[in-house]
Amino acid sequence: MKIEIKDLSQVYKNDFRALNRVDLEINSGMFGLLGPNGAGKSTLMRILVTLQKPTHGEVFVNGKPLSKNRQEVRSYLGYLPQDFRFFAKLRTWEFLDYAASLAGIKNKKQRLSAVDDLLEQVGLFDVRNRFANKLSGGMKRRLGIAQALIGDPKIIIVDEPTTGLDPEERIRFRNILSNLSQKEVIIILSTHIVGDISSTCSQMALLNAGEVHFTGSPEDFVKKSEGHVFKTSVTFDEMKHISEAYPVITSIPDPAGYEVEFVADKLNGWKATEVQPNLEHAYVYFMEYLAKTQKD
Amino acid sequence: MISLFNVRTIARFESKTLLRSWFFRIFSAIAIVFLLMFNMFAVAGLGDGSWPGRVLPSAVPYFNIWILNIAQSIIAIFLSADFLGRDKKLDTTEAFYVRNMSNIDYVIGKTLGILKVFFVLNVIVLAIGILFSIIGSETTVNWTSYLIYPLLISLPTLLFILGLSFFAMTLIRNQAITFVVLLGLVALSLFYLQNKFYGLIDFLGFFMPFMRSDFTGFGNETDLILVRSAFLLLGIFFILATVWRLPRLEQQKFSKSILIAGLLITGVGALAMMSYKAYGDNANQNLRAEVSQLNQKLKSTPYQIKAYNVDLKHEGEKINVETKIDVSKQEDNSGDLVLALNPGLKVLEVSIDGKNIDFERKAHLITIDKNTIVKESFALGLKYMGVINDMVMFPEVSDETLLSLNRLDPIVANKQFSFIEKDYVLLTREANWYPVVASKLYWTRYPFVKMDLKVESEPDLKVISQGESNQLNDGAWQFSPQQALNAHSVVIGNFEKVSTMVDSIEFSLYYHPKHTFFKPYFTELGDTASVLIKSMKDDFERQLAISYPFKKLSIVESPINFYSYLRNWSLSTEEVMPEMVFFPESGGGNWQNDLSNQKRRIDQRAKERNEEMSERDIQIEMFKNYLGDNFIRPRRFFFGRQQTGERSVENWGRYQIFPLYYTYTNSVEEEGYPLLTIALENYLHERLSTSGPPGGFGGLSTNDEVILKLKDRSLTKLIEEEEVNVLGNIFASKGNQLLSSFKVNSDAVSFDRQLNKIIEESQFQNMNIEEFTPYMNQLAQNDFSELYSNWLKDEDSPAFMFSNVDVWEIKEGNRIRYFVKVAVANKGDIDGIVGFTIREGERRGGRGRFRSEFSMDQTSNAKSFLIQKDETVDIGFVLDEVPRDVTVNTYLAKNIPSEQRLDINDVIKDQRVVDFFEGKRPSTKKLKYAEDFEVIVDNEDEGCQFVNTGESRTIKDWWLSRQNEEDDNSETYGRIRFWNTPIKWQPVAGQEFFGEYLKSGYYKRKGSGEGYVSWIGQIKAPGNYEVYVYVPNIRDRFRGGPGGGQRGYERDFHYTVEHDDGEEEVELNVTQDNNGWLSLGDYYFSEGPTTIKLSDQTNSDYVIADAVKWVKK
């Protein structure tokens, strides 16, 4: 499985440019699409799942243009939309049954067993007879992921899946995805939460204001910010200055003031020790410095 | 391209969601419960419920589907608007949108899912219908109808509505607005557009005649299928358009072109079907207009048909006819021979004395040049074949009337005027299936001609026509004339026949072999039937004083879709033809023909009276009621509506056999309308009138409406000025007046005897007015020609004033008798006639119509008097019993109502000798409207004004006021309505009201006091006056029942009297014993105008305003 996105642009009627000449290559495995709210992630996702036509550019799936092969691509797809909350009056299992039917499982027996398997997998088997709109928020999300996974899709696209989930649910959710990423499938996970791009993501991209600022592995991404994350202790007065000068990532109060971690391109006279960056640090560094300089 | 699996999946889940939607559940539950109740009570007749339509073929499935169709349309609109609404804003749907299915799969799946659910709903409703039909046992279950109605009514409407609302939703993209817009469309089509525009707007099929006859089916299958298929196609069109507009990227590139092809096919198909229908209707309308125009130009003719010899072959859906006609021509006259024949019949050949000749055909007219006619009498041969074009029949009937529905409480039957089907034919005179000489106004007076008729048809069909019937062999029938007739008709069909001989007349009933529902109700009658027929016939003929002129009388069951119009120049419709009455199948859905209900009522009545009635007694009563109500004295039912725009005649019904005694036996030819014939017909028909003294609701009789119309115009002028469609009642009223004026010079009994003789002597003869004049001279004992021409030309009218009725007890020999005296003054411009009817004795309680009506348990005296202009006379009667009521008929005088009951004073038992007399004497009394010392202001006077304020406070008021306006537009004076009273002052007329000649008043629903009526009187002599107001004796019958006491009466009125010392408010409480002129008290008034006001504020439901008078002390 391979998805190539070439020169993709999306301009909305109000001249808002949601995507600007995006080029990406996505191979099997889990792909994380990171970016702040309004970066164009959902637009890109919607184009990928054939809900929307790009203004310009093309997406190639296994080398074939998407715009001419919707039928084929749709047969590969599993999609969890961002706002997956409203259901017609269907029971949990019926909802999955519906999705399974449309995913092309024509044999009733097979379909029902697939439904049960997935219900088991997402932990909804006990509530299989409950009406889907009576499920809790987390259960609804899980049902969402279950319907996206049913029928063994080759491309799974999940848009902001963890919004509003409690930590336990979030972990459970990541596990389901990472289990899947063992298979020969593409999983595209779009998020504005850095934590969602777990180490299971073999590739990732950073999208900001409709443009791709980084593609590669999460390790490369982190590497880019090496030498730009610092730790120091500051007084109350200094805290004010430092938070004006740099993006502060964490600040832990101590008797003399704070112990802060911050990102900086250059230290400009502050005394601080370097810290080994993580994904979150990298993201902040990117957003604050690299994205800006790239623009200029 | 379309994946069936996907479609089925989507449909499956759509139905599932639909079934779980509360909106759907509630609405369909309401519909089902309503229909369940309907079927339980109306169809199965549980409880005391009844709906006579249930015995009509196919009426049960029709009604059920018809009602369900509206309910499900509303549900469908809501649901389909909801379907895309759900889809649009919620991402959840997108999870499905990205699945591998095409847009067409999706929309079709959704549609089928909804259809599936409605299919179940339809099945449930039809099953209920079938179940209760079987329980009710009277209704035969017509299985095909149970299939046809859902297909023809439900399916096209549903698809159309679904498609339209889907599509509207893709355009409007707002569920609430779409819902409102579409509901508005439904309301618009139901309440406003109805069956306008050739019925092409009526997507609900609410106004389409879907009634199926057991004889002929729908009768208009082509039209129905065309229009319904057009809606079906339009539905598919919109569904495809929805696919096209669906906010989802299409799956395959090529599907768009297929979609467009589909759109084109369905769109163009629907359009073509609709245009075809519109074009056909339009062509027929044009032909109809052409026929009318050609008819206008016809001149009087020298030709006369002497005899017909007709050979008719019934060939499938056509007839093939060969006729030989003996024609004669008046010597001194020449002109082309013009014949009329239905334009649907193609003339193949015309010959004179065996030689083929040229002819010209234009619409219905066949013109033969006068130069090809050399002899004074000749044999004209015509060969023609084809169908009957119904649309050119009744050409003078207005389009509005033509389009009005043939409603059968409440479902709709078609209006077909003739039939030529494979196994059924019905041709009446109006179908013009045999040629007649077309002269000026020929359709108003057909000459009497003998017809020899031979009919060939299918061997298993029966043929019915006039004359002596002979079946030559299977399928061939010969009819030999017994007399010349002015109408000939043919019926061919599959009939069962029962008959009986009464007074050497053959009475037969021809009925559809399946329609045996009536049999169980008359099992005990046996030979009694003929005895009953005889006694009813004798009663009827005694009353009409003419005996039945034919040898046969057949009641022929005819298709429910058969219809005809009552014309202005005759009291007969095409439902009655010589020797036969076409009675609608299964009784036509009339309440009085609901046998089980009738039986129950007779039973109940007997129980109420503690009478023991055997089954036989009950059957006898039912038999009498059935014949009486339908054929003898038609009953008007409270809910029986008049068809829009059609003429209404009191005491008339379309199956009444009256025309067999006069209309189809007598005719006097005149230049122009046969007014004398009409006058005689109406006069004779009046003999059957049983309406007692007028009263009750008020309102105008047709005669009263004629008075308003005639105002200062002569009959001749009216005929010129008014449309033919409104003349009917004028002819009738004027006719009545003419005959009454003849009566003045002789006593009623000998006048009638003489008239009967004249009528019997002139039966089946073609007489013109000159030949008829001597008879009339004798009858009128006067110069008929002069009377007649005055009658035609009079523009003025008399105006009568009556005193109260004085009654004295007198001794004549040793008998106690009663002398009744009334003073009458004629204050009008010409002499006039007053007819008196006095009923004697106390009212006797006889329930059951024929009990009281056929046994004369009351005597009545009727006498007419000529009262000259400016004359005041006393009219005297000497009676054996106390007069119960004295009614006067002033015909076409200024008085409205023209028939009124006079007030009777208490009997004077003073033994003093009274100078009693019978008849007319000059009177010494001076009848005056107002005495010198009185000032009267009536509501008709200039001094009376009214103010309406704040009429439309709520939408309901506004709606009601619109409806009131619609109701009251047609007539100037309404009748009092006790429900839904008007919110503006409405004029009403009736004898309860006060008035110089026109007895009228105003009434209005109770108000806030802002609305009022004021009377302004001009006081000439200053002084003390007692002020009176006139409060008419109107009783709300529905509220003040027999045990209701005062409830219907009690009213409070609030008057304000303006007098010299200021204003005085007076509250007046009106009760049963307190009405008429009521005093508001004594006041001093100086010279000049003074006002009395009546406020619309009251505790009762409405206020009535009439007249005010100031009486000087």
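What follows is a walk through chain A, its contact with chain B, and a few spots in chain B. The model is predicted, so local features need pLDDT of at least 70 and side-chain atom pairs count only at pLDDT 80 or more, while totals for chains, interfaces and linings use all residues. Residues are numbered from 1 along each chain as its sequence is written, with chains lettered from A and ligands numbered from 1 in the order in which they are written.

Chain A has nine helices and 14 strands (DSSP runs numbered from the N terminus, H or I of at least four residues for helices and E of at least two for strands). Its C-alpha atoms fill a box of roughly 70 × 45 × 35 Å along the principal axes. Of its 296 residues, 42% count as buried; that takes 20 or more other C-beta atoms within 10 Å of a residue's own, whereas 12 or fewer makes it exposed and anything in between partly exposed, with C-beta atoms placed from the backbone.

Where the chains meet, 24 residues of chain B are in contact with 29 residues of chain A, contact being C-beta atoms, placed from the backbone, that lie within 7 Å. On the chain B side, α1 (4–19) and α4 (91–97) each supply at least two residues. That side is a mix of nine nonpolar, eight polar and seven charged residues. Here Ala, Val, Leu, Ile, Met, Phe, Trp, Tyr, Cys and Pro count as nonpolar, Asp, Glu, Lys and Arg as charged, and the others, Gly among them, as polar.

As for cores, the largest nonpolar one has 189 residues, and those with the most contacts inside it include Leu339(B) and Val824(B). A nonpolar core is a set of buried Ala, Val, Leu, Ile, Met, Phe, Trp, Tyr and Cys residues joined through C-beta atoms within 7 Å. Leaving aside residues up to four places away in sequence, Val824(B) touches Phe800(B), Phe802(B), Val834(B), Ile867(B), Val873(B) and Ile875(B). Apart from this core lies another, of 173 residues, with Val49(A) and Phe78(B) among them.

The backbone of chain B has some oddities too. Most residues other than glycine have a negative phi, and most peptide bonds are trans. Ser504(B), however, has a positive phi near 50°, and sits in the loop between β19 (496–502) and β20 (505–511). With 6 C-beta neighbours inside 10 Å, Ser504(B) counts as exposed. Glu579(B) also has a positive phi, near 70°, but is buried, with 26 other C-beta atoms within 10 Å. Finally, the peptide bond from Ile896(B) to Pro897(B) is cis, with omega near 0°.

Key. Two residues are in contact if their C-beta atoms, placed from the backbone, lie within 7 Å.
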